[in-house]
Amino acid sequence: MSTYFYTSFATQMLGTLGAGLSNFPWLSASILFPIGSAFVIPFFPDKGDGKEVRWFALSIALITFLITVGSYINGFDISNENVQLKENISWLPDLGLTWSVGADGMSMPLILLTSFITALAVLAAWPVKFKPKLFFFLILVMDGGQIAVFAVQDMLLFFLTWELELIPVYLLLAIWGGKNRQYAATKFIIYTAGSSIFILLAALAMGFYGTEIPNFEFSHLAAQDFSQKFQILCYVGLLIAFGVKLPIVPLHTWLPDAHGEATAPVHMLLAGILLKMGGYALLRFNAQLLPVAHAQFAPLLIVLGVVNIIYAALTSFAQRNLKRKIAYSSISHMGFVLIGIGSFSSLGTSGAMLQMVSHGLIGASLFFLVGATYDRTKTLKLDEMSGVGQKMRIMFALWTACSLASLALPGMSGFVSELMVFTGFVTDEVYTLPFRVVMASLAAIGVILTPIYLLSMLREIFFGKENPKLIEERKLIDAEPREVYIIACLLLPIIGIGLYPRLVTESYIASINNLVDRDLTAVKGAVKTNIFSGTKTNEILKAPTI
Amino acid sequence: MPQASEIAWLIPVFPLIGAVLSGLGLISLNKKINNSREIVSVGLISFVGISAVISYKALIEQINGYQSVEKLFVWANAGDFTIPMGFVLDPLGSVMLALVTTITLLVMIYSHGYMAHDKGYVRFFTYLALFSSSMMGLIVSPNLLEIYVFWELVGMCSYLLVGFWYDREGAAHAAQKAFVVNRVGDFGLLLGILGLFWATNSFDFNEIATGISQSISDHSIPIWAALLLCFLVFLGPMAKSAQFPLHVWLPDAMEGPTPISALIHAATMVAAGIFLVARLQPLYSIFPSIQFIIALVGTITCFLGASIALTQMDLKKGLAYSTVSQLGYMMLAMGCGAPVAGIFHLVTHACFKAMLFLGSGSVIHAMEEVVGHQPVLAQDMRLMGGLRKRMPYTSTTFLIGCVAISGIPPLAGFWSKDEILGNAFISFPAFWFIGLLTAGMTAFYMFRLYFLTFEGDFRGENKELQKQLLIASKTNLDEENEEEHEEHGSIHESPWSMTFPLVFLAVPSLIIGFMGLPWDSKIANLLDPEEAETAAKAFELKEFLPLALASVLIASAGIIIAYQAYFVKKINLSVLFAEKFPSINRFLSNKWYLDDINEKLFVKGSRKLAKEVLEVDSKVVDGVVNLTGLVTLGSGEGLKYFETGRAQFYALIVFGGVILLVAIFGFQSPQVS
């Protein structure tokens with residue numbers, strides 16, 4: 001299949017294997033295998049502390065990771081901008097529903113990220129003793145469900161997977177969460193389910209647009225020539241739905257609650273993968289399928305991105321609860337994704353993509369560390385910690401490394417992605433110069449705010465004199481090898497990307513270039529219509545009220 | 001064997017390998033590594049040693065006229081953009097490399113003695129190696145973006161090292177302050193780099209300069225934009241090289257171990273800003289107004305640092321403000337369009353200031369035997385005195401350093417400082433005068449430090465004074481801590497590993513000035529041969545002598561006053577000056593109130609802003625979701641908000657935000673260029 005990889009001996013071996021496997025349904029396998037395996041779990045003997053289930057879940061998650069890696073190596077050609085690894089099975093033809101999966105440059109990195117983070121989350125869930133069977137069942141179902149979200153190529157199917165993935169998350173929050181878990185879980189489900197009605201509406205509208213027989217396939221929708229008003233209508237709905245997920249301020253308030261109550265492994269999944277669903281969907285639908293509306297709304301995305309960065313950084317600084325602090329920092333980092341998507345430049349958009357991967361790794365590592373610290377201190381309040389670093393030196397080192405990664409230290413992935421977004425946006429001639437100057441300057445304030453809250457946090461937890469009450473009541477043991485291993489697994493790609501970003505960017509750059517070309521054409525078209533109709537300004541402001 | 005210039009990229013790689021190895025060891029085999037500390041330190045010293053050998057070979061090649069080497073590869077790309085990385089080795093880089101590797105090596109040897117009893121010995125050496133690697137990387141960076149990368153990395157190492165003793169509150173705060181203040185500068189630097197990239201499509205120093213001048217001549221960029229970008233880029237060096245008003249982090253950074261103060265906060269990292277401005281000379285020389293701003297900032301910094309140093313009682317803080325002042329001189333040179341003079345002063349200053357700091361470390365090391373590990377006591381000069389007899393090597397080298405920095409010929413400081421003052425006299429006579437005044441102050445405060453520390457009688461046993469100092473500093477000592485330090489030692493000279501670097505550095509402090517004689521400047525020949533030739537031709541003794549004489553006279557005056565006041569005690573400055581002008585004295589000892597302004601305006605202000613935003617978030621944004629917002633509005637709860645004016649505040653924020661959004665949004669429909 002892909003001659004590109006026949007370069008080294010090792011890949012050649014895989015390639016020979018792959019020749020036989022070229023028809024292997026890689027993506028379906030990576031979706032159905034973890035879900036199918038999860039249904040074996042109920043038949044495990046119901047005794048002990050769930051040791052067997054843990055190992056079972058870990059091996060399934062690892063095999064799933066290997067399957068996704070296999071699909072990348074065997075069936076994915078990075079120089080091809082189109083959807084690859086396609087599988088099409090008619091499912092419910094009356095409804096126009098087909099089992100249609102595939103992957104292009106925008107899906108593939110996120111599919112790999114999902115299976116990678118999930119495997120680590122299973123390892124992070126080692127200490128879970130309460131109802132382990134149900135817990136790992138849900139994690140495995142979530143693994144498959146999330147890969148499906150990134151892999152499906154049919155909008156109706158996308159809606160279904162998007163909704164299905166809510167159930168395990170809801171249960172994981174409501175059963176294993178903290179004190180306010182019911183409130184948090186309910187808020188989460190109301191927010192996400194409520195907003196996803198817009199996805200359904202938009203999907204139906206787009207699928208039925210101009211035809212008798214509905215067709216929801218992305219390729220079909222992409223070829224459609226939707227009218228401007230229609231696009232704007234769909235765009236607004238989808239923006240709200242995905243804005244909740246990403247999240248975009250002011251639709252974000254479910255996140256601190258949900259993240260604040262989740263246990264560490266669930267937390268890793270929420271921050272590492274779930275937030276990326278919003279960014280991915282914005283790219284896939286709003287930017288790709290509705291280019292004309294995107295041309296109108298992109299400035300709003302930029303503004304919202306800047307608001308995200310500054311607003312969330314400030315709230316994070318004022319937070320006294322460790323988990324909520326990190327949760328707000330996630331929101332802040334997602335602002336760069338928004339700016340990148342709205343930038344109309346290939347560099348900026350691929351920076352947004354990289355920021356998603358990078359934050360997936362960094363966010364997961366920080367949330368894991370929060371969980372590990374909580375296991376020892378039994379408190380998340382910064383006021384009740386101090387001088388912890390003297391007993392937990394290795395933990396201190398891991399925290400420092402991950403915080404530095406989060407504040408975009410060069411040599412780590414966050415720096416590269418933020419730099420690409422900045423450079424892409426600033427050099428982008430679509431926007432006027434004053435707009436770019438103001439927005440870039442405001443976004444760059446994040447460069448100052450991020451270290452303020454992250455380093456203050458480190459100082460309050462680890463530096464200074466030991467808190468006598470904490471030392472007396474809790475046994476502070478240093479990081480164990482399992483924890484060091486998890487962080488090492490996350491730091492390796494973080495630093496790898498930081499040193500040589502093309503490791504990741506090459507895998508999606510073809511698709512992104514294609515997407516940006518499409519959007520740029522739409523921008524030029526939009527300006528033209530504006531000039532002809534004589535209304536020089538403010539298509540945008542009027543548009544949402546149609 | 002390949003030419004060293006061709007393999008210069010290896011110079012930062014070797015210490016990095018060492019740092020990574022010992023860092024991984026610390027994480028995985030903590031106990032074993034800490035038990036074999038000598039093996040680790042010798043290993044790391046040899047890694048830096050290899051880099052030093054390559055650096056010196058490269059320097060010799062450059063002196064012999066080998067061409068500059070630049071190699072690039074594509075680091076990131078998207079669309080039509082490519083971001084190149086690589087390395088460059090030119091005369092300026094080779095001088096800096098030789099300087100940095102030498103001082104790093106000496107500081108490492110010194111640290112073996114200074115940190116001998118510290119639990120974090122291995123961690124300290126690992127950080128040192130990491131720092132040296134980043135610093136060397138910064139020097140070989142061929143473009144602005146790569147400089148930014150290493151710029152941040154040296155900042156991170158500084159953060160880690162200032163906060164090295166993380167159980168001390170002061171160190172924790174200082175480390176954070178250093179990082180955040182530097183980030184303020186980096187904010188400008190990053191925006192400037194991005195803007196220059198937008199304007200010229202390049203990160204390369206020379207290409208940027210030619211691109212900008214071309215864009216200005218064909219009016220594709222307005223001149224104000226170009227000026228703004230140049231200034232933004234300058235913010236980076238202002239923070240890193242501790243220029244007014246971003247110098248506030250440097251004195252606090254003295255909380256770090258003294259070898260760090262010598263290496264990072266005197267000789268190398270703080271010089272990175274000067275180095276970057278030197279690299280950007282092709283750009284800055286286009287704009288006289290930017291040159292003027294640079295010179296102005298340099299002059300203010302130079303005067304401010306020296307004036308605060310006059311009243312400092314903490315030995316290390318005094319040296320720190322002296323560093324601030326000397327960095328101001330270097331910046332002044334850059335503003336006068338004399339980068340060679342600035343770099344020359346950078347080199348000489350690195351030698352004698354590193355030696356002075358290491359000397360102060362030796363003094364503190366000795367004092368800790370007597371007064372305990374409390375920095376408030378061990379670094380206060382009121383408890384010192386008479387150390388000369390017990391510490392011959394330290395006191396002699398410290399004296400050499402004082403003479404050198406004061407600008408007494410023929411020691412190093414005279415030649416380099418005079419070079420700067422001479423240039424300032426031509427470009428900005430007013431700045432020359434302030435610089436001259438500062439030279440007198442420098443001589444005064446340096447000899448004040450020397451006399452208070454090494455001459456007179458030893459005052460360290462004075463328990464009453466110790467107690468007063470502790471109370472004044474508001475340090476609450478735990479009782480057990482105090483008992484621990486009751487045990488008495490006596491002042492003695494430090495071990496050879498600490499005195500050797502002092503003696504070694506004394507040599508260049510004495511003679512390195514001859515590298516830059518105004519009539520035959522070897523360093524100018526290397527860095528800028530054409531300029532050197534014209535300068536040597538234009539040199540006239542009768543122009544040089546009056547200026548030189550003026551600075552020597554004013555320096556001598558400073559020394560004599562210090563001698564009268566602190567050695568023979570014939571004049572009492574507190575009666576003569578402090579009591580007559582109490583406001584000036586308070587102004588100086590409160591460091592121009594800059595720290596207070598900083599604390600009140602920025603630290604408290606940002607905290608307050610963050611709290612209010614959080615409140616808006618939980619009460620307004622989330623409140624709407626929970627419908628509680630509506631309920632409270634209708635109940636007494638809501639009325640309370642109205643009474644306190646909180647509601648108006650919320651409304652202001654929300655509406656202001658919306659209006660801003662609408663306004664920006666309304667103006668911006670996408671356009672095609």
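Start with the largest nonpolar core of this predicted model, which holds 426 residues, and select Leu120(A), Met268(A), Ile193(B) and Ala354(B), the members that touch the most others in the core. Next, colour helix α16 of chain B, residues 339-371, since the largest share of this core, 20 residues, comes from that helix.

Now go back to chain A and centre the view on Leu120(A). Leaving aside residues up to four places away in sequence, you will find that Leu120(A) touches Met268(A), Ala364(A), Ile486(A), Cys489(A) and Leu490(A).

Move next to chain B as a whole, where you can display 32 helices and four strands. Of the 673 residues in chain B, buried residues make up 52%. If you consider the contacts in chain B with a separation of 6 or more, 79% of them are accounted for by residues 24 or more positions apart.

For the last stop, select Gly386(B), which lies in the loop between α17 (375-378) and α18 (392-406) of chain B. Is Gly386(B) buried, exposed or partly exposed? Gly386(B) has 16 C-beta neighbours inside 10 Å and therefore counts as partly exposed, because a residue is called buried with 20 or more such neighbours and exposed with 12 or fewer.

Keep Gly386(B) selected and add Glu455(B), Gly456(B), Asp457(B) and Phe458(B), which Gly386(B) touches when residues up to four places away in sequence are not counted. Finally, add Arg459(B) and draw a line between the two C-alpha atoms: those of Gly386(B) and Arg459(B) are separated by 8.3 Å, although the two residues are 73 residues apart along the chain.

Key. Residues are numbered from 1 along each chain as its sequence is written. Chains are lettered from A and ligands numbered from 1 in the order in which they are written. This is a predicted model: local features need pLDDT of at least 70, side-chain atom pairs count only at pLDDT 80 or more; totals for chains, interfaces and linings use all residues. A nonpolar core is a set of buried Ala, Val, Leu, Ile, Met, Phe, Trp, Tyr and Cys residues joined through C-beta atoms within 7 Å. Helices (H or I, at least four residues) and strands (E, at least two) are DSSP runs, numbered from the N terminus. Two residues are in contact if their C-beta atoms, placed from the backbone, lie within 7 Å.
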